[in-house]
Amino acid sequence: MGAGNGPTAPGIGVLVSGSGSNLQAILDAAAAGSIPAPVRLVVSNRPEAYALQRAAEAGVEGRVIQHHDYPDRETFDTAVAEALEDAGVDLVVLAGFMRILSEGFVRRFEGRLLNIHPSLLPLYRGLHTHRRALEAGDREHGCTVHFVTPELDAGPSIIQARVPIEPDDGPDTLARRVLTQEHRIYPLAVRWFVQGRLELRGGIPHLDGQPLLEPVTIRPDDPLPH
Ligand code: GRF
């Protein structure tokens, strides 16, 4: 365990529903010490999510909390929030979690709730982003890490990776190239947060004390910022 894994390191919780490749990127960065904080809990709303296997292989507790076991969204969200808090989670990372969270949940973790979305927000909130970018004839697409606010995919952006759209791209090839960039920018944003360099102040993300009026932007060949 590195020095950053002591009792004062912020604990990370990751919410997943599917494959968990972003979870894997975060687990790998935590194992390598580049994210100086432990992933304490992975919660999936789907028992079959491959992400749970990834958590188990990394020695991280995985918990299934299924929405249909709860009468409504609020009680489901409360169960998730309590599991996270009981596990000592300070930062909640949404990584392909396919449930809309209630305003109560979002407020409870305000300023410590991150999401990654596969588009250059504010373009293409919601689903099928790759197809929509292709249909619109866009020349660039990408992904965005943002703080979560109650409105879906509308919270303030922290970092974006911009990916050129190639003439022969289809939704799958484009999704794959964007996903590769997701695996670069999400661990970076998580690292900034756990290092205490990234915070949400007055609704605006600040990095190293400076307001991010525009998200940090990288392209595939760019080295990652510090
Ligand atoms: C990613 O495309 C992410 O942007 C979106 O859901 C997908 C999750 O993929 N929020 P994975 O489960 O991390 O592989």
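## Ligand site, a three-stranded sheet and the β5–α5 loop

The residues around the ligand are Ser19, Gly20, Ser21, Asn22, Gly96, Ile116, Pro118 and Glu182. The model described here is a predicted one. By class, the shell around the ligand consists of 2 nonpolar, 5 polar and 1 charged residues. The space that the ligand takes up is the largest pocket.

Polar contacts to oxygen atoms of the ligand involve backbone atoms of Gly20 and Asn22 as well as the side chain of Glu182. The distances are listed below.

| Residue | Protein atom | Ligand atom | Distance |
|---|---|---|---|
| Gly20 | polar backbone atom | oxygen | 2.7 Å |
| Asn22 | backbone N or O atom | oxygen | 2.8 Å |
| Glu182 | polar side-chain atom | oxygen | 2.8 Å |

On its own, the ligand has 370 Å² of accessible area, and the protein covers 81% of this.

The next element to consider is a sheet. Three strands form an open sheet in the order β8-β9-β10, and their pairing is antiparallel. Strands β8 (198–201) and β10 (210–211) are at the edges; each has a single partner strand, so one side of each is left without a neighbour in the sheet. Strand β9 comprises residues 204–207 and is joined to β8 by 4 bridges, the two strands running antiparallel. Within this part of the sheet, Glu199 is placed opposite His206 of β9.

Two backbone features belong to the loop between β5 and α5. Strand β5 covers residues 113–117 and α5 covers residues 129–135, with Pro122 located in the loop between them. The peptide bond that joins Leu121 and Pro122 is cis, with omega at about 10°. Tyr124 is also placed in the loop between β5 and α5. Its backbone has a positive phi, near 55°, in a residue that is not glycine.

In summary, the ligand occupies the largest pocket, and the protein covers 81% of the 370 Å² of accessible area that the ligand has on its own. Elsewhere in the description stand the antiparallel sheet β8-β9-β10, the cis peptide bond between Leu121 and Pro122, and Tyr124 with its positive phi.

How values were computed: Residues are numbered from 1 along each chain as its sequence is written. This is a predicted model: local features need pLDDT of at least 70, side-chain atom pairs count only at pLDDT 80 or more; totals for chains, interfaces and linings use all residues. Side-chain values use heavy atoms; hydrogens and water are left out. A residue is near a molecule or strand if one of its heavy atoms lies within 4 Å of it. A polar contact is a pair of N or O atoms within 3.5 Å; within protein, one must be able to donate a hydrogen and the other to accept it, and residues adjacent in sequence count only if both atoms are side-chain atoms. Accessible areas come from the Shrake-Rupley method with a 1.4 Å probe; for residues, only the protein chains shown count as cover. On a 1 Å grid over the protein atoms alone, a cavity is a set of points where a 1.4 Å probe fits but cannot get out, and a pocket is an open set with protein on both sides within 12 Å along at least five of seven lines; lining residues have an atom within 4 Å of a point. A molecule sits in a cavity or pocket if more than half of its atoms lie within 2 Å of its grid points. Ala, Val, Leu, Ile, Met, Phe, Trp, Tyr, Cys and Pro count as nonpolar, Asp, Glu, Lys and Arg as charged, and the others, Gly among them, as polar. Two strands pair if DSSP finds at least two bridges between them.
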